[in-house]
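This report describes a ligand site and the backbone around it. The sequence and the structure are shown first.

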Amino acid sequence: MKFQNPKGTRDFYPEDMAVLNWIMDGWRRVSIRNGFEEYEGPIFEYLDLYKAKSGEGIVSELFHFEDRGGREMAIRPEMTPTLARMINARAQSLPRPIKWFSMPRLCRAERPQRGRLREFFQWNIDIVGSDDVLADAECIFVAVDFFREVGLTPADMVMRINSRSLLSSLLAARGFEPERHADLFVVLDKRDKLPPEVYAAELAKVTRNDAERESLNIISQARGERGLADLAAMAEGNEAAGNELARLRELFETLNLMGVGEYCEFDMGVVRGLAYYTGVVFEGFAKGTFQRAICGGGRYGQLLEVLGGPPMSGIGFGTSDVVILEVLTELKRLPAEIGAGRRTDLFLIDADESLFREVVRLAAELRRRGFCAEYSYRRQGIGKQFKQAAAAHARRAVIVGAEFKERGVLAVKDLGTGQQVEISAEAFLADPMQEVSV
Ligand code: HAM
């Protein structure tokens with residue numbers, strides 16, 4: 001019988017693992033330099049945690065199961081509810097703002113397609129316990145900080161930013177009752193994701209007449225500086241919308257100050273699918289052929305409270321290894337040297353079989369001291385062992401020959417320069433990577 005990996009999952013062979021580690025090292029480095037601390041949670045949670053506030057979209061994509069005690073569980077499809085639960089448990093003692101990051105492995109029973117799999121690693125950045133625009137800006141900055149570091153320029157991507165609270169106040173002013181907003185957001189979020197006729201049908205379900213649809217189209221098309229100006233005119237006399245617009249302007253000013261303004265653009269069309277967002281929402285898009293969001297996040301005003309915690313708001317975003325790989329592969333920006341494989345410091349070679357025990361002993365000693373030391377599993381001639389040393393990209397070959405037994409001397413060859421010296425085992429062990437010069 002032949003087995004395959006489940007649909008929508010990936011096997012990570014060592015060369016794939018090298019790429020994943022390169023991405024994750026970048027996530028961790030960027031998180032730490034921006035002042036975030038790492039956390040983790042369980043890979044499954046009680047199903048109810050997601051039913052509380054994530055919204056229909058994500059709940060319909062859950063892998064769930066019943067444990068032996070009949071409790072309903074779900075494999076985590078996102079990290080934000082776990083983060084909220086964990087912060088709630090220690091809300092009184094954590095100094096604020098709480099700046100945390102995580103790189104969980106997540107599962108969603110989505111239809112696998114380009115950039116969307118059923119299992120992926122998602123980098124999460126969150127700032128909880130501050131309502132300041134500075135937190136919104138910092139969060140967006142961190143995303144751009146990473147994308148810029150892996151080589152994306154404003155010509156390659158754009159961070160589209162909106163505010164759900166601005167949208168809400170404009171909708172309310174046009175007669176859309178607040179109870180309807182959540183359903184409207186779900187549909188508006190799909191505007192660019194569905195074929196136009198399917199989108200129109202969905203829109204028809206949540207609107208009452210052409211006038212409403214016309215209003216929604218006008219509002220959600222506002223984009224860029226021009227869009228902001230149009231909305232300002234529309235918001236004349238509407239205090240709530242005016243305040244939200246002022247907050248957005250401050251956000252864009254702060255992003256300019258941080259030097260990432262050219263990556264960012266206002267776009268009323270970005271609404272986001274998750275139910276818990278209440279304020280600023282944003283999504284990163286690559287400008288190539290990859291048509292899905294490369295990151296997404298926003299401010300959640302009530303999530304912690306809904307999950308039984310204090311009234312504390314947070315802002316954060318997620319992005320995954322899958323989308324980053326898609327975009328960097330398309331742009332041919334994945335550095336060639338990743339995946340080049342392991343690099344051995346020292347490859348030990350026996351000049352004849354009787355010395356193999358010395359090779360094993362010496363290699364163990366070198367490894368204990370922190371060096372990557374290897375040797376051949378097969379007893380074979382020196383030439384073949386040198387070939388193996390080259391295949392392992394070893395920097396030095398150490399030949400254990402008859403002189404070792406006679407005089408305690410080893411031959412050390414620098415495989416880069418080809419220089420070889422004889423050296424006492426004692427002097428060698430004192431500094432195994434010392435320069436080899438004749
Ligand atoms: P999300 O929009 O569901 O938000 O996902 C964020 C990002 O994760 C997406 O933009 C995409 O890059 C990646 N992603 C999502 N689903 C998949 C998938 N099936 N395969 C590969 N990549 C995927 C959230 O998850 C929020 N919890 C983010 C957040 C953190 N909001 C506040 N803090």
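## Polar contacts of the ligand

In this predicted model, the side chain of E110 places an N or O atom 2.7 Å from a nitrogen atom of the ligand. L117 contributes through its backbone: one of its N or O atoms lies 2.7 Å from a ligand nitrogen atom. On the oxygen side, a polar atom in the side chain of R272 is 2.8 Å from an oxygen atom of the ligand. The ligand on its own has 650 Å² of accessible area, of which the protein covers 96%.

## The shell around the ligand

The ligand is surrounded by 27 residues, and E78, T80, E110, L117 and Y277 are the closest of them. By class, the shell holds 12 nonpolar, nine polar and six charged residues.

Several secondary-structure elements take part in this shell. At least two residues each come from the strands β7 (119-128), β11 (293-300) and β12 (314-320), and from the helix α13 (321-330).

## The largest pocket

Where does the ligand sit? Its place is the largest pocket, which contains about 1,200 Å³ of space. The lining of this pocket comprises 43 residues, with R108, E110, R116, K193 and R292 the closest to its centre. E110 thus appears in this central group and also among the closest residues to the ligand.

The lining divides into 16 nonpolar, 13 polar and 14 charged residues. The elements β7, β11, β12 and α13 each supply at least two residues of the lining, as does α3 (56-59).

## Backbone features

Two backbone features deserve a separate note. As a background, most residues other than glycine have a negative phi, and most peptide bonds are trans.

R272, whose side chain approaches an oxygen atom of the ligand at 2.8 Å, has a positive phi near 75 degrees although it is not glycine. R272 belongs to the loop between β9 (264-266) and β10 (280-286).

The second feature is the peptide bond from R96 to P97, which is cis with omega near -5 degrees. P97 lies in the loop that runs between α4 (80-89) and β5 (98-102).

How values were computed: Residues are numbered from 1 along each chain as its sequence is written. This is a predicted model: local features need pLDDT of at least 70, side-chain atom pairs count only at pLDDT 80 or more; totals for chains, interfaces and linings use all residues. Side-chain values use heavy atoms; hydrogens and water are left out. A residue is near a molecule or strand if one of its heavy atoms lies within 4 Å of it. A polar contact is a pair of N or O atoms within 3.5 Å; within protein, one must be able to donate a hydrogen and the other to accept it, and residues adjacent in sequence count only if both atoms are side-chain atoms. Accessible areas come from the Shrake-Rupley method with a 1.4 Å probe; for residues, only the protein chains shown count as cover. On a 1 Å grid over the protein atoms alone, a cavity is a set of points where a 1.4 Å probe fits but cannot get out, and a pocket is an open set with protein on both sides within 12 Å along at least five of seven lines; lining residues have an atom within 4 Å of a point. A molecule sits in a cavity or pocket if more than half of its atoms lie within 2 Å of its grid points. Helices (H or I, at least four residues) and strands (E, at least two) are DSSP runs, numbered from the N terminus. Ala, Val, Leu, Ile, Met, Phe, Trp, Tyr, Cys and Pro count as nonpolar, Asp, Glu, Lys and Arg as charged, and the others, Gly among them, as polar. Grid points are joined across faces, edges and corners, and a volume is the space filled by probe spheres set on the points.
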